[in-house]
Amino acid sequence: MSASHNTHNHTTMFSRLGERAAPPTIARLMAMALETPGLLSLAAGFTDNATLPVDFVGEAWRALCADAVASNNEFLQYGTNQGRVTLRRLIAERISRADRLGSDGSLSERDVFITNGSQQALYLAMQVLCDPGDVVLVDRPSYFVFLEMLRGLGIEARSLPIDAGNRIDTVALGKLLDDLREEGRRVRAVYFVSYFCNPSARCLDEAEKNGIAETLAARGMFIPVIEDAAYRELYFENEYSARSVLALPAWKPFPKLYTATLTKPFATGLKVGYGACTDEAWRGRMLHVKGHHDFGSANFGQAIMEHALAGKNYERQLARLRPAYQAKMLALHGALIAAGLRECGWKWVEPTGGLYIWLEAPHGLDTGMDSAFCHACIEAGVLYVPGDLCFGDSPEKNFIRLSFGVLGLADLEEAARRFASVAKQF
């Protein structure tokens with residue numbers, strides 16, 4: 001019998017992590033969007049190809065090449081595990097300005113580390129904080145890719161309770177914490193997407209953030225907090241004024257990690273994310289594990305972003321994106337209204353930033369991935385993210401996330417018509 005035949009008779013034994021591994025839904029949605037002819041995707045949160053900064057990336061490349069002799073071609077060499085010092089300093093200064101941090105509270109390059117997109121920072125945080133069976137508190141609804149990551153790591157997500165106005169309910173949160181303690185569960189961290197949230201597009205104000213901190217502190221639970229600010233700079237007209245947990249006194253005693261990305265506001269293909277962590281021990285452990293992952297994110301992409309931030313091209317790109325995304329949102333929002341979706345009992349709030357519209361279907365309508373409604377939409381040539389993916393617990397089946405990032409205005413309007421035509425059948 002051949003060695004290859006023996007191999008085929010073997011059953012591979014996986015670790016518990018390997019056994020839990022499942023195909024990520026985001027990869028499935030992205031593949032469907034890219035590989036299905038004629039399908040108009042309102043699902044995966046791609047950015048707009050037409051506004052990608054080819055000119056600014058070219059300018060950065062030419063500048064790097066012009067300085068190649070003086071720099072000894074370092075931008076094409078490996079970088080450090082933590083990331084380029086100048087880029088980290090520019091990021092620290094940018095966060096400090098946005099949060100209006102005083103001289104005694106400002107971040108430095110020591111607090112910042114560069115990652116392969118902000119997703120890697122989130123994964124590192126969970127890897128070093130949690131064991132299987134631990135609990136992480138998440139917003140409701142929350143970023144479904146993060147929720148899938150938790151499931152893959154064997155971590156349980158429990159939702160931060162909200163009231164009828166979709167604001168954090170601190171009384172209910174206190175009861176949840178007391179119940180979890182009574183059950184002997186370990187709550188290891190709290191996570192929320194606080195600016196133009198993926199998927200709901202809402203923002204958390206300072207009172208809500210402080211309420212979470214005060215409820216935890218009242219129970220002596222000074223657990224790490226992760227604030228995901230991936231969409232903070234993608235407002236349409238007005239910056240959301242709330243400061244992050246890095247600047248709020250109520251969060252001062254807590255270990256804090258602020259994550260964001262430079263690529264959704266600039267060029268997604270560069271995949272440059274970052275974390276700013278105020279806790280030296282936590283940051284150190286994340287960097288240790290990151291060294292095992294990749295011993296340094298791609299240096300070339302960092303060099304491009306460093307050039308864009310050091311000059312004015314990053315701001316110029318944001319100045320292009322904000323009105324472009326607002327126009328796209330208005331096209332989709334307006335077409336849904338014109339197609340009569342609200343008359344069919346659907347509800348949504350017009351977003352003021354980000355890339356998403358969060359739809360609430362009439363109660364009782366199942367919009368899940370395997371639902372008749374979802375299959376009918378795909379047959380009609382339109383794809384969305386089922387909202388039940390976006391709940392850490394007690395999933396609600398009648399929500400949908402629509403992304404307006406990638407399609408042009410005419411295609412967004414056509415996608416809305418296709419979607420509404422299906423909704424009228426149900």
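**A seven-stranded sheet, its helices and a surface patch**

In this predicted model, strand 3 (residues 135–138) runs parallel to strand 5 (residues 187–193), and the two are joined over four bridges. One residue pair illustrates the register: valine 136 has alanine 189 of strand 5 as its bridge partner.

Two helices may be considered together with this part of the fold. Helix 10 (residues 206–217) lies across strand 3, strand 5 and strand 6 (225–228), and its direction makes about 175 degrees with that of strand 5. Helix 11 (residues 280–293) also packs on the sheet, where it touches strand 2, strand 6, strand 7 (256–261) and strand 8 (272–277). Relative to strand 2, helix 11 runs at about 30 degrees.

The strands named above belong to a wider arrangement. Seven strands form an open sheet in the order 2-8-7-6-5-3-4, and their pairing is mixed. At the edges are strand 2 (112–116) and strand 4 (156–159), each of which pairs on one side only. From one strand to the next, the twist averages 25 degrees.

Attention may now turn from the sheet to the surface. There, Trp61, Leu76 and Phe300 make up a nonpolar patch, and together they contribute about 300 Å² of accessible area. Of these residues, leucine 76 is located in the loop that connects helix 5 (68–71) with helix 6 (85–98). Is leucine 76 buried or exposed? Leucine 76 counts as exposed because its relative accessibility is 57%, and the term exposed applies over 50%.

Note on methods. Residues are numbered from 1 along each chain as its sequence is written. This is a predicted model: local features need pLDDT of at least 70, side-chain atom pairs count only at pLDDT 80 or more; totals for chains, interfaces and linings use all residues. Side-chain values use heavy atoms; hydrogens and water are left out. Patches are made of residues with over 30% relative accessible area and no salt bridge: like charges are joined within 9 Å, nonpolar side chains (Val, Leu, Ile, Met, Phe, Trp, Tyr) within 5 Å. Accessible areas come from the Shrake-Rupley method with a 1.4 Å probe; for residues, only the protein chains shown count as cover. A salt bridge is a side-chain nitrogen of Lys or Arg within 4 Å of a carboxyl oxygen of Asp or Glu. Buried means under 20% relative accessible area, exposed over 50%, partly exposed in between (1.4 Å probe, protein chains only). Two strands pair if DSSP finds at least two bridges between them. Axes are lines fitted to C-alpha atoms, for helices over the stretch in contact, and angles run from 0 to 180 degrees between N-to-C directions. Contact means heavy atoms within 4.5 Å.
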